[in-house]
Amino acid sequence: MLYLAPLEGITGYIYRNAYQKYFGGIDWYFTPFIAPAKGKPFRHRELADVHPEHNTGIMVIPQILTNHSEGFIKAAKALADMGYDEININMGCPSGTVVSKGKGSGMLADPTKLDHFLEEIFAADICKISVKTRLGMEFADEFPDILDVLMKYPFTEVIIHPRTREDYYGGSVNLAMFDLAVERYGEQTESVLCYNGDITDVAGYKNIQKRYPQVDKIMIGRGIIGNPFLPQEIAEQRCCYNAGILLAFHDELFAGYMEAGLGARNVMFKMKELWSFMECLFEAPDQQKILKKIRKANDPDTYNTEVRKLLR
C-alpha cells in the first residue's frame, strides 16, 4: 500500500483531489495536521480540509497535532461524527514552533508523559488510531524507550520516519532503528509497521521493499510532491513524465485555490512553493532559466506564461 504523507500548506483537499484526478496510485491520503484550539476542535481552514464534501472518492485519514488528551478526544469525536473511523497522531513534526510547545516530535522528549497521553486517548475508545513518529528528539538511542511505549497500545499503524527531530530532514535515515522496530513487532510487522523517509525514485522504493519484504505499507511525501508521476513509475517501472498531464494538474490547482478565495498573490505563493519541490524534474539550463522567471513572477499572467513555456 502507498500513502501520501501530509505536508503543511501543500497537501490540502484541493491538492488531494487534483492529484487523485490526474495521477492516482495513492491508497490513503493523510491530511496536514489539525491543531485543536481551545473551545473549538477545528479552525475554519482545518474544517474545510476535512469536510466530507471536499474528500469524496478518496481515502483520507485526518492527522491531529496535540499533546493534550482532552483536545485530541474532542477533535476525534467531531471527526467520528463526520464519518472518519481512523485518526493519525502527529509525533514527527520537527518545526521549532511546534516542538517548543511539546507537540509533534517534541512529544518524544518524555516517554512517561507520552505514555499517559496515549493511555487517556485509547481509553476514550472513539475510533482507530495510528501514529506517525520519529526516533526521538536528539539521539537515535532514545527510540527503544519510545518503542516500548508505542507497543503497549493497539495502533492500527505505526508509521516511522527513522530520523530524530535534531536530524530534521538532513543526513541519512537510520535504518538500523527501523530494523529494531521490525524485530520487536515480529509477526505483527506486516499489519502494523509503515516505512517513511527519503524515497524519491523507483530505486529507493525497491531498496526498501527488498530490505523489508514484510513491510507492505510505505509512505512517501516530498518524493511524490517533487515528482507526481512517482506512484505510476513505481507501478510500471518506467519513466511516466507527461508535460500535458502536469500542466492540467497545475491549472486545476491554480483554479481551485482561486475559487477558494485565496487571492492571486497567495495563490502564486502556494504554487511557487510547489515548484520548489517539482523543479527537480527540470534540470536543463534553459528549463532552469524559466524556473527562475517563474519564481520571480509578480502577476498571474506572467507566471502562467512562464509555466506554459516550461511545459510546452
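The following exchange goes through local features of a predicted model.

Colleague: How many cavities of 30 Å³ or more does the structure hold, and what volume has the largest cavity?

Modeller: The structure holds one cavity of 30 Å³ or more. The volume of the largest cavity is about 40 Å³.

Colleague: Which element gives the largest share of the lining of the largest cavity?

Modeller: The lining consists of Gly9, Ile10, Leu253, Tyr257, Lys270, Met271 and Leu274. Two elements give two or more residues to this lining, helix H12 (243-259) and helix H13 (264-278). The largest share, three residues, comes from H13.

Colleague: How do the residues of that lining divide into nonpolar, polar and charged?

Modeller: Gly counts as polar and Lys as charged, and the lining includes Gly9 and Lys270. The division is five nonpolar, one polar and one charged.

Colleague: Is arginine 16 buried or exposed?

Modeller: Arginine 16 lies in helix H1 (residues 13-22). Outside its neighbours within four places in sequence, arginine 16 is in contact with Thr11, Tyr29, Thr31, Pro32, Asp49, Asn55, Ile58 and Val60. Its relative accessible area is 1%, and the cut-off for buried is under 20%, so arginine 16 is buried.

Colleague: Which backbone oxygen does the side chain of arginine 16 reach?

Modeller: Thr11 is among the contacts of arginine 16. At 2.9 Å, the side chain of arginine 16 reaches the backbone oxygen of threonine 11.

Colleague: Where does asparagine 67 lie, and is asparagine 67 buried or exposed?

Modeller: Asparagine 67 is in the loop between strand S4 (63-64) and helix H3 (69-82). With neighbours within four places in sequence left aside, its contacts are Lys101, Gly102, Lys103, Met107 and Phe117. The relative accessible area is 14%, against a cut-off of under 20%, so asparagine 67 is buried.

Colleague: What backbone oxygen lies 3.1 Å from a polar atom of the side chain of asparagine 67?

Modeller: One polar contact of the asparagine 67 side chain is with the side chain of histidine 68, at 3.3 Å. The backbone oxygen at 3.1 Å is that of glycine 102.

Colleague: How many disulfides does the structure hold?

Modeller: A disulfide is a covalent bond between the sulfur atoms of two cysteines. The cut-off between the sulfur atoms is 2.5 Å. Cysteine 93 is in no disulfide, since the nearest cysteine sulfur, that of cysteine 194, is 18 Å away. The number of disulfides in the structure is zero.

Colleague: What is the nearest cysteine sulfur to cysteine 240, and how far away is it?

Modeller: Cysteine 240 counts as buried at 7% relative accessibility. Cysteine 240 is in no disulfide. The nearest cysteine sulfur is that of cysteine 239, at 6.6 Å.

Colleague: Which residue caps the N-terminal end of H7?

Modeller: Helix H7 spans residues 175-185. A side-chain oxygen of the capping residue lies 3.2 Å from the backbone nitrogen of alanine 176. The cap is asparagine 174.

Colleague: What covers the buried residues of H7?

Modeller: The buried residues in H7 are Leu175, Met177, Phe178, Leu180, Ala181, Val182 and Tyr185. Their cover includes helix H6 (143-150), strand S7 (158-160), helix H8 (189-192), strand S8 (193-196) and helix H9 (202-211).

Colleague: Which residue just after H7 takes a positive phi?

Modeller: The phi in question is about 55°. The residue is glycine 186.

Colleague: What phi does aspartate 125 have?

Modeller: Most residues other than glycine have a negative phi. Aspartate 125, found in the loop between H5 and strand S6 (128-133), counts as exposed at 65% relative accessibility. Although not a glycine, aspartate 125 has a positive phi of about 50°.

Colleague: What phi does tyrosine 168 have?

Modeller: Tyrosine 168 is placed in the loop between S7 and H7. At 41% relative accessibility, tyrosine 168 counts as partly exposed. Its phi is positive although tyrosine 168 is not a glycine, with a value of about 55°.

Colleague: Which residues does proline 111 touch, not counting those up to four places away in sequence?

Modeller: Proline 111 is in helix H5 (residues 111-124). Its relative accessible area is 27%, and proline 111 is partly exposed. The residues touched are Asp145 and Val149.

Definitions and conventions:
Residues are numbered from 1 along each chain as its sequence is written. This is a predicted model: local features need pLDDT of at least 70, side-chain atom pairs count only at pLDDT 80 or more; totals for chains, interfaces and linings use all residues. Side-chain values use heavy atoms; hydrogens and water are left out. On a 1 Å grid over the protein atoms alone, a cavity is a set of points where a 1.4 Å probe fits but cannot get out, and a pocket is an open set with protein on both sides within 12 Å along at least five of seven lines; lining residues have an atom within 4 Å of a point. Grid points are joined across faces, edges and corners, and a volume is the space filled by probe spheres set on the points. Helices (H or I, at least four residues) and strands (E, at least two) are DSSP runs, numbered from the N terminus. Buried means under 20% relative accessible area, exposed over 50%, partly exposed in between (1.4 Å probe, protein chains only). A polar contact is a pair of N or O atoms within 3.5 Å; within protein, one must be able to donate a hydrogen and the other to accept it, and residues adjacent in sequence count only if both atoms are side-chain atoms. Contact means heavy atoms within 4.5 Å.
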